[in-house]
Amino acid sequence: MTTYRDAIALDIPVFVSLDKQLFPYSPWSAAQYKEEFAEMPRTRHFVVALDEAQSIIGYAGILVPAAQVEADILTVGVLEAHRGKGIARHLMALITDFAVDRQATAMMLEVKSDNVEAIGLYESLGYSKISIRNNYFGSGLDALIMRKELP
Ligand SMILES: CC(C)(COP(=O)(O)OP(=O)(O)OC[C@H]1O[C@@H](n2cnc3c(N)ncnc32)[C@H](O)[C@@H]1OP(=O)(O)O)[C@@H](O)C(=O)NCCC(=O)NCCS
């Protein structure tokens with residue numbers, strides 16, 4: 001059974017290692033994660049999904065800079081062997097709850113424009129494509145900007 005909990009600083013090495021597998025075009029360093037985690041729980045929220053052995057199999061993070069502004073999804077990833085079981089959908093619900101709790105007005109994200117799985121995930125959750133940012137992830141790697149209003 002998959003369980004979920006808030007991320008802690010001890011998880012940072014796992015985040016760094018999973019980023020290399022899931023986001024080889026834009027992995028974060030341990031130093032970057034340290035900076036982000038230092039802002040928890042004030043403006044950042046990171047959550048993890050665990051398998052029966054308590055190993056991290058998925059994670060997500062969000063930035064809510066202040067009340068009444070847009071929240072920015074920082075990351076969402078699930079290990080390949082565990083995909084298609086609703087884990088990303090659940091992680092998205094957890095970070096969305098944080099954004100609603102912090103009175104964010106909308107959810108925003110950048111996704112690589114050829115990432116059909118992630119775009120499918122976001123569209124299934126009601127996100128709309130609002131623009132393209134050329135070369136966002138590096139030369140020739142465009143980002144699609146997607147957004148969902150919050151109630
Ligand atoms: C995108 C990703 C997080 C989805 O994780 P997942 O746990 O498999 O997703 P879920 O099982 O929760 O799927 C939820 C919905 O997303 C959509 N989706 C998931 N996989 C999809 C695929 N291969 N093609 C199209 N839509 C897909 C579906 O609408 C799905 O709902 P359904 O199962 O009821 O049809 C995963 O593929 C991943 O980690 N990819 C690599 C990292 C990445 O690109 N992250 C996003 C960065 S912006």
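These legends walk through several close-up views of a predicted model.

**View 1. The sheet is built from seven strands.**
Welcome to the framework of this structure: 7 strands form an open sheet, and their order is β1-β2-β3-β4-β5-β7-β6. The pairing in this sheet is mixed. At the edges stand β1 (3-6) and β6 (128-133), each with a single partner strand, so one side of each has no neighbour in the sheet. From one strand to the next, the twist averages 25°.

**View 2. Strands β2 and β3 run antiparallel.**
Here we look at β2 (residues 44-50) and β3 (residues 56-63), joined by 7 bridges. To find your way along the pair, look for Val47, which stands opposite Ala60 in β3. The loop between β2 and β3 holds Gln54. This residue has a positive phi of about 65°, although it is not a glycine. Most residues other than glycine have a negative phi. Is Gln54 buried or exposed? It has 9 C-beta neighbours inside 10 Å, so Gln54 counts as exposed.

**View 3. Strand β6 lies largely in the open.**
How many of the 6 residues of β6 are buried? The number is 0, so β6 lies largely in the open. The strand pairs with β7 in the antiparallel sense, over 5 bridges. One place to spot this pairing is Ser128, whose bridge partner in β7 is Arg147.

**View 4. The largest nonpolar core has 33 residues.**
The residues with the most contacts inside this core are Val47, Tyr59, Ala60, Ile62, Leu91, Ile95 and Ala99. Elements that each supply at least two of its residues are α1 (12-22), β2, β3, β4, α3, β5 (106-112) and β7 (143-149). Which element gives the most to this core? That is α3, with 7 residues. For a closer look, try Ala99: leaving aside residues up to four places away in sequence, Ala99 touches Ile62, Val64, Ala71, Ala104, Met107 and Leu150.

**View 5. A shell of 19 residues surrounds the ligand.**
The closest residues to the ligand are Arg83, Ala88, Gly120, Leu121 and Ser124. Three elements give two or more residues to this shell: β4 (71-78), α3 (87-101) and α4 (116-124). With 6 residues, α4 gives the most. By kind, the residues of the shell divide into 9 nonpolar, 6 polar and 4 charged.

**View 6. Asn115 sits in the loop between β5 and α4.**
Count the C-beta neighbours of Asn115 inside 10 Å and you reach 14, so this residue counts as partly exposed. Now look across to Leu144, which is 29 residues from Asn115 along the chain. The C-alpha atoms of these two residues are separated by 9.4 Å.

**View 7. Two more loops have backbone details to look for.**
In the loop between α2 (30-37) and β2 you will find Pro41. The peptide bond from Met40 to Pro41 is cis, with omega near -5°. Most peptide bonds are trans. The loop between β3 and β4 holds Gln68. Phi of Gln68 is near 65°, a positive value in a residue other than glycine. Where does Gln68 stand, buried or exposed? With 8 C-beta neighbours inside 10 Å, Gln68 counts as exposed.

Note on methods. Residues are numbered from 1 along each chain as its sequence is written. This is a predicted model: local features need pLDDT of at least 70, side-chain atom pairs count only at pLDDT 80 or more; totals for chains, interfaces and linings use all residues. A residue is near a molecule or strand if its C-beta atom, placed from the backbone, lies within 6 Å of it. Helices (H or I, at least four residues) and strands (E, at least two) are DSSP runs, numbered from the N terminus. Ala, Val, Leu, Ile, Met, Phe, Trp, Tyr, Cys and Pro count as nonpolar, Asp, Glu, Lys and Arg as charged, and the others, Gly among them, as polar. Two strands pair if DSSP finds at least two bridges between them. Axes are lines fitted to C-alpha atoms, for helices over the stretch in contact, and angles run from 0 to 180 degrees between N-to-C directions. A nonpolar core is a set of buried Ala, Val, Leu, Ile, Met, Phe, Trp, Tyr and Cys residues joined through C-beta atoms within 7 Å. A residue is buried if 20 or more other C-beta atoms lie within 10 Å of its own, exposed if 12 or fewer, and partly exposed in between; C-beta atoms are placed from the backbone. Two residues are in contact if their C-beta atoms, placed from the backbone, lie within 7 Å.
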